[in-house]
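Subject: A structure for you to look at

Hello,

Here is the structure I promised to pass on. Please have a look at it first, and then read on for what I found in it.

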Amino acid sequence: MPELPEVQTVVNGIKSKINKHKILRFKKYISKLRYPIQKNLSSKVESSTVTTVFRRAKYIIINLSNNRSLVIHLGMSGRIIIVKNNKKKFKHTHFSILFNKNLVIQFIDPRRFGYIFVTETASLEKHRFFVNLGVEPLIGQFNDRYLLNVTKNKKSPIKNIIMNQKYIVGVGNIYASEALFMSGIHPSRLGKDITKRDSEKLVRAIKSVLKKSIKLGGSSINDHTMVSGKMGYFQNKLYVYGREGSKCVKRSCQSPIIRIVIAQRSSFYCSECQR
Ligand SMILES: [Zn+2]
């Protein structure tokens with residue numbers, strides 16, 4: 001499933017290509033993905049020009065010159081490819097956006113959990129998908145004070161707290177496990193037992209693991225085919241996730257990595273390094 005770093009990689013990839021380009025045509029090949037595609041979507045975006053492309057949580061947002069925003073979510077298996085013309089429709093392409101200068105975006109999604117919609121840019125933050133989103137992990141507002149404030153008095157495991165989108169967006173299961181290992185915190189530790197020092201370490205680890213993954217995701221991308229939904233090269237760099245029974249990577253430790261289930265999700269940790 002595409003996570004924050006993969007979505008950021010897609011945004012970085014399409015931004016330089018479609019910025020300032022005019023949308024000539026929006027073409028759908030299906031009436032419903034996860035949600036029905038708005039019937040008037042094409043008339044609301046055609047003839048307008050892209051002003052900015054950015055990411056919020058796991059949404060790709062394309063702002064347009066007509067004060068509307070085109071929002072795309074990749075769902076479970078969504079990918080975006082950029083092609084030079086729309087002559088060839090790939091298997092599972094459900095919509096395409098034709099820009100001037102023969103630039104075409106195709107949205108490919110075998111499982112159809114992705115979605116697209118258009119809304120007024122001014123009311124985007126109040127949209128039902130956006131209104132309850134927490135802070136972005138890579139901005140300054142997400143700091144040790146913020147996290148400490150969120151965790152204090154909470155009787156739920158720290159892993160659940162950092163994965164809760166209403167507090168912080170984009171920290172998926174893999175990144176949560178990795179960041180907790182990097183900061184020496186046991187995934188089941190209760191929020192109320194997180195200290196200021198823990199909070200500092202955890203914030204730093206979350207930012208670091210996401211940045212590292214964005215960097216590596218970017219390197220798996222080439223010019224014409226932008227693929228998300230894959231972990232890029234980051235999957236080869238995991239410390240604990242999926243490594244049950246293997247030795248801890250810290251040379252002074254080498255204890256076996258343990259898997260437990262917290263809130264129905266697998267969590268991996270080192271019983272020596274994480275308390
Ligand atoms: Zn260890």
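Let me start with the contacts across the whole chain: among those with a separation of 6 or more, 67% are between residues 24 or more positions apart. Please keep in mind that this is a predicted model.

The chain holds six helices and 10 strands. Its radius of gyration is 20 Å, close to the 19 Å that the globule rule gives for 275 residues, so the chain is as compact as a globular protein of that length. Along the principal axes, the C-alpha atoms fill a box of roughly 60 × 35 × 30 Å. Buried residues make up 39% of the 275 in the chain.

Two domains are assigned: domain 1 covers 4–126 and domain 2 covers 144–270. Their centres, taken over C-alpha atoms, are separated by 30 Å.

Now to the sheet. Four strands build an open, antiparallel sheet, and their order is 2-3-4-8. Strand 2 (50–56) and strand 8 (115–120) are at the edges with a single partner strand each, so one side of each has no neighbour in the sheet. On average, neighbouring strands here are turned by 20° against each other, direction ignored. Helix 1 (residues 4–18) packs on this sheet and touches strand 2 and strand 3. The direction of helix 1 makes about 175° with that of strand 2.

Within the sheet, strand 3 (residues 59–64) and strand 4 (residues 68–73) run antiparallel and are joined by five bridges. If you would like a pair to look for, Ile-62 stands opposite Leu-70 in strand 4.

A good residue for seeing how the helix meets the sheet is Val-11, which lies in helix 1. Is Val-11 buried or exposed? It has 22 other C-beta atoms within 10 Å, and 20 or more is the cut-off, so Val-11 counts as buried. Beyond its neighbours within four places in sequence, Val-11 is in contact with Val-53, Phe-54, Arg-55 and Ile-60. Val-53 is 42 residues away from Val-11 in sequence, yet the two are 6.6 Å apart in space, C-alpha to C-alpha.

Two further helices are worth a look. In helix 3 (residues 144–151), the buried residues are Leu-147, Val-150 and Thr-151. These three cover an arc of only 90° around the axis, which places them on the same side of helix 3. As a reminder, an α-helix has 3.6 residues a turn, so residues three or four places apart point the same way. After helix 3 comes Asn-153, with a positive phi near 70°.

Helix 5 (residues 173–182) is mostly covered, with eight of its 10 residues buried. Among these buried residues are Ile-174, Tyr-175, Leu-180 and Phe-181, and also Glu-178. Gly-184 follows helix 5, and its phi is positive too, near 70°.

Last comes a hairpin. Strand 9 (residues 257–262) pairs with strand 10 (residues 265–270) in the antiparallel sense, over six bridges. Arg-259 stands opposite Phe-268 in strand 10. Two residues lie between the strands of this hairpin, and Ala-263 takes a positive phi near 50°.

Enjoy exploring it, and do write back with any questions.

Best wishes

Note on methods. Residues are numbered from 1 along each chain as its sequence is written. This is a predicted model: local features need pLDDT of at least 70, side-chain atom pairs count only at pLDDT 80 or more; totals for chains, interfaces and linings use all residues. Two strands pair if DSSP finds at least two bridges between them. Axes are lines fitted to C-alpha atoms, for helices over the stretch in contact, and angles run from 0 to 180 degrees between N-to-C directions. Two residues are in contact if their C-beta atoms, placed from the backbone, lie within 7 Å. A residue is buried if 20 or more other C-beta atoms lie within 10 Å of its own, exposed if 12 or fewer, and partly exposed in between; C-beta atoms are placed from the backbone. Domain bounds come from an automatic or database domain assignment. The arc is that of the directions from the helix axis to the C-beta atoms. The radius of gyration is taken over C-alpha atoms; the globule rule is 2.2 Å times the number of residues to the power 0.38.
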